[in-house]
Each structure stands twice: as structure tokens, then as C-alpha cells.
Amino acid sequence: MKRSLLVALCAAVVSASAFAAGDHGHAPRHGGVVAETRQLDQELTAKPDVIRLYLRDHGKPVDITKASARLTLLSGSEKQEVELRPAGDRLEATGAFKVGPGTKAVTVVTGASASPSTARFTLK
């Protein structure tokens with residue numbers, strides 16, 4: 001009896017750790033960096049000429065037609081403010097951006113949920 005209890009306990013520990021190791025729907029879908037907030041999941045993709053922010057409500061699509069976002073890029077001692085507007089299934093801005101590895105980004109999204117959603121990213 002002790003042996004079967006030990007086997008059952010080991011099986012429970014192994015299955016719990018396997019569940020915890022999964023991505024639970026928060027893996028990047030567009031090759032960006034993901035941040036989960038209380039209101040939304042945000043995925044940021046940043047290139048020198050375009051920045052895109054994809055939003056999901058914890059795995060569910062979000063209506064972004066009335067949404068906007070303010071993005072702050074921090075690269076070394078330089079700071080750049082960017083407004084992101086709806087573009088298809090994402091919020092987007094085009095221009096010239098300093099987005100090298102290690103660049104910090106902070107987003108504040110409004111209009112996509114009941115309250116503003118703030119997220120912090122470090123670009124890879």
C-alpha cells in the first residue's frame with residue numbers, strides 16, 4: 001500500500017510540473033516579446049521602421065477598433081515616444097525607431113479593455 005501511494009504521489013508531482021512548464025497561451029504568436037497584464041496579453045514586435053502591438057484578452061481576440069497605445073522606448077540615455085493606432089488586427093506605428101537588443105519599452109493601452117493596460121518589455 002505504501003508503494004502504490006508513493007507511485008501515485010510521484011505521478012502527481014510529475015504531471016503538475018509538466019502542466020506548469022507549458023506556455024498557457026502566452027507564447028509569442030508573431031515573433032515578438034509577450035507581457036501579461038491584468039487586463040490584456042500584449043505582444044510587441046519592433047523593427048527599425050515599424051512597431052506592432054498585438055492584443056489578446058487572455059487568449060481571446062480583442063476589438064481594437066477604438067484602442068490606441070502610447071509606447072515609450074528607452075535605449076541608453078535616449079527616450080522616444082510613439083503613438084500606436086489600429087491597423088488590421090494590431091496597433092501599429094511606422095517611422096524611424098531605435099530598437100536594438102536591450103531596449104526597454106513601456107506601453108499604455110487604452111480603449112481595448114475597461115481600464116488602461118500598462119506593460120513593460122525588454123527587446124531581444
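**Close-up views of a predicted chain**

**View 1. Ser68 lies in strand S5, which covers residues 68-75.** The model shown is predicted. Ser68 has a relative accessible area of 15%. That is under the 20% cut-off, so Ser68 counts as buried. Beyond its neighbours within four places in sequence, Ser68 touches Leu84 and Arg85. Its other contacts are Leu91, Val108, Val109 and Thr110.

**View 2. Leu84 sits in strand S6, residues 78-87.** Is Leu84 buried or exposed? Leu84 is buried, because its relative accessibility is 0%. With neighbours within four places in sequence set aside, Leu84 contacts Ile51 and Leu53. Contacts with Ser68, Ala69 and Leu71 follow. Leu91, Glu92 and Ala93 complete the list. The contact between Leu84 and Ser68 brings back the residue of View 1.

**View 3. Leu84 and Thr94 are compared by their C-alpha atoms.** Ten residues separate the two in sequence. In space, the C-alpha to C-alpha distance is 8.8 Å.

**View 4. Strands S8 and S9 form a hairpin.** S8 spans residues 104-110, and S9 spans residues 117-122. The two strands run antiparallel. How many bridges join S8 to S9? There are six. In one pairing, Lys104 has Thr122 of S9 as its bridge partner. Six residues lie between the strands of the hairpin. Gly111 takes a positive phi there, near 85 degrees. Two contacts of Ser68 seen in View 1, Val108 and Val109, carry numbers within the S8 range of residues 104-110.

**View 5. Side chains alternate along strand S9.** Which residues point to the buried face? They are Ser117, Ala119 and Phe121. Thr118, Arg120 and Thr122 point to the other face and are not buried. Thr122, the bridge partner of Lys104, thus belongs to the face that is not buried.

**View 6. The whole chain holds one helix and nine strands.** From the N terminus, the order of elements is α-β-β-β-β-β-β-β-β-β. The chain has 124 residues, and 33% of them are buried. Ser68 and Leu84 are among the buried residues. Consider contacts between residues at least 6 apart in sequence: 46% of these join residues at least 24 apart. The accessible surface comes to about 7900 Å². Carbon and sulfur atoms account for 57% of that surface.

Terms used. Residues are numbered from 1 along each chain as its sequence is written. This is a predicted model: local features need pLDDT of at least 70, side-chain atom pairs count only at pLDDT 80 or more; totals for chains, interfaces and linings use all residues. Side-chain values use heavy atoms; hydrogens and water are left out. Helices (H or I, at least four residues) and strands (E, at least two) are DSSP runs, numbered from the N terminus. Buried means under 20% relative accessible area, exposed over 50%, partly exposed in between (1.4 Å probe, protein chains only). Contact means heavy atoms within 4.5 Å. Two strands pair if DSSP finds at least two bridges between them. Accessible areas come from the Shrake-Rupley method with a 1.4 Å probe; for residues, only the protein chains shown count as cover.
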